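Hi everyone, thanks for making time. I'd like to walk you through the packing in one structure, so please have a look at the viewer with me.

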Amino acid sequence: AGQVVLAKIDVDAEPGLGTAFQAQSIPSILAVLKGQPVPLFTGAVPEAEVRDVFAKVLEAAAANGVTGRVDVGEAQLAVAATDESGPAEPTEPDAFDKAADAVDAGDWDGADAAFREILTVTPSDEMATAGLAQVAILRRTDGIDPVAAVAAANAGDDLETVLTAADVEVLSGFVDEAFARLTTLIRSSDGDDRNRVRTRLLELFETVGNADPRVLKARTALASALF
C-alpha cells in the first residue's frame, strides 16, 4: 500500500553500488531510511521472516518521522488486499500523509490529531503509535538546542534537564545513550520522580518501536533498575 519502495540492483552492472553498500554476498538486503543505509539480511530468507523485518523497518521509519506513502495503482492495492498475509490495512494512506505533512510543518497539534485519527480506526497500528509518541518528543524539544541540552544533562542531574537530553538523543539517533541515561536516573531516584522517569522511558520505547532490539535490551535494564 505504498509504504515501501522496493528496488533491485544488479551488482554486475553496477559494481560501484555493491562496493558502496559493502555487499559481501548476493542477495544482500538493506533499507535506506532518511538517506542512511540500514543492513537487514543476506541470502534466502523465509517469507514470514521477511515480513517481520519489513514491519520493524516501518516501525523505525515512523520513529524517525518517515510516514508518507507513495501512490500505487488500483491493481497493486487489489493484490495487497488479497495477499495471503490477510486483508489490506484499512487506514487510508491520506491519513498518514496528513500526519507527515503536519510534522514537516511543525504543526504538533495537527500531527497529534492525525495520528489519533488513524488509531481510532486501527488501534493496533504500530506506525501511528510510534508517530504519536514522536510528536510528543518533537513538541517537548521544539526550539531546544540539542548540543546544549545534552551538555547541561552531562554537567548535572536535574530531572528536567536529563529528561530533555534523553528526548534529544532519541531524535538524534543516540537511542542506547538515551535509554541508559534514564535507566541510571531511575536507579538514583524515588517516589514521583522515579515514576515520571519510568513513564518517559516507556514513551521513548514506543517511539523507537517495542520490537527494536535496543528496546528489548533496555526493558531488561529497566526491570533490573526497578527491582
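**Aromatic rings and nonpolar cores**

Let me begin with Phe205: at 0% relative accessibility, this residue counts as buried. Please keep in mind that we are looking at a predicted model.

Now, how many aromatic pairs does the structure hold? Just one. Its partners are Phe179 and Phe205, with ring centres 5.0 Å apart. Their planes stand at 90 degrees, and over 60 counts as edge-to-face, so that is what we call this pair.

Where do the two rings sit along the chain? Phe179 belongs to helix H9, residues 175–188, while Phe205 belongs to helix H10, residues 191–208. They are 26 residues apart, so to speak of the pair as a link between distant parts of the chain is fair. Phe179 is buried too, with a relative accessible area of 3%.

Let's widen the view. The largest nonpolar core has 21 residues, and both phenylalanines, Phe179 and Phe205, are among those with the most contacts inside it, along with Leu182, Val197, Leu201 and Leu204. Helices H8 (159–171), H9, H10 and H11 (213–226) each give two or more residues to this core. H9 provides the largest share, six residues.

Zoom in on Leu201 for a moment. Setting aside neighbours within four places in sequence, Leu201 is in contact with Phe179, Leu182, Thr183, Ile186 and Leu222.

Finally, there is a second, separate core of 19 residues, including Leu58, Ala95, Val103 and Leu132. As a bit of background, nonpolar side chains tend to be buried together in soluble globular proteins.

Thanks for listening!

Key: Residues are numbered from 1 along each chain as its sequence is written. This is a predicted model: local features need pLDDT of at least 70, side-chain atom pairs count only at pLDDT 80 or more; totals for chains, interfaces and linings use all residues. Side-chain values use heavy atoms; hydrogens and water are left out. Rings of Phe, Tyr and Trp (its six-membered ring) pair if their centres lie within 6.5 Å; planes under 30 degrees apart count as stacked, over 60 as edge-to-face and the rest as tilted. Helices (H or I, at least four residues) and strands (E, at least two) are DSSP runs, numbered from the N terminus. Buried means under 20% relative accessible area, exposed over 50%, partly exposed in between (1.4 Å probe, protein chains only). A nonpolar core is a set of buried Ala, Val, Leu, Ile, Met, Phe, Trp, Tyr and Cys residues joined through side-chain atoms within 4.5 Å. Contact means heavy atoms within 4.5 Å.
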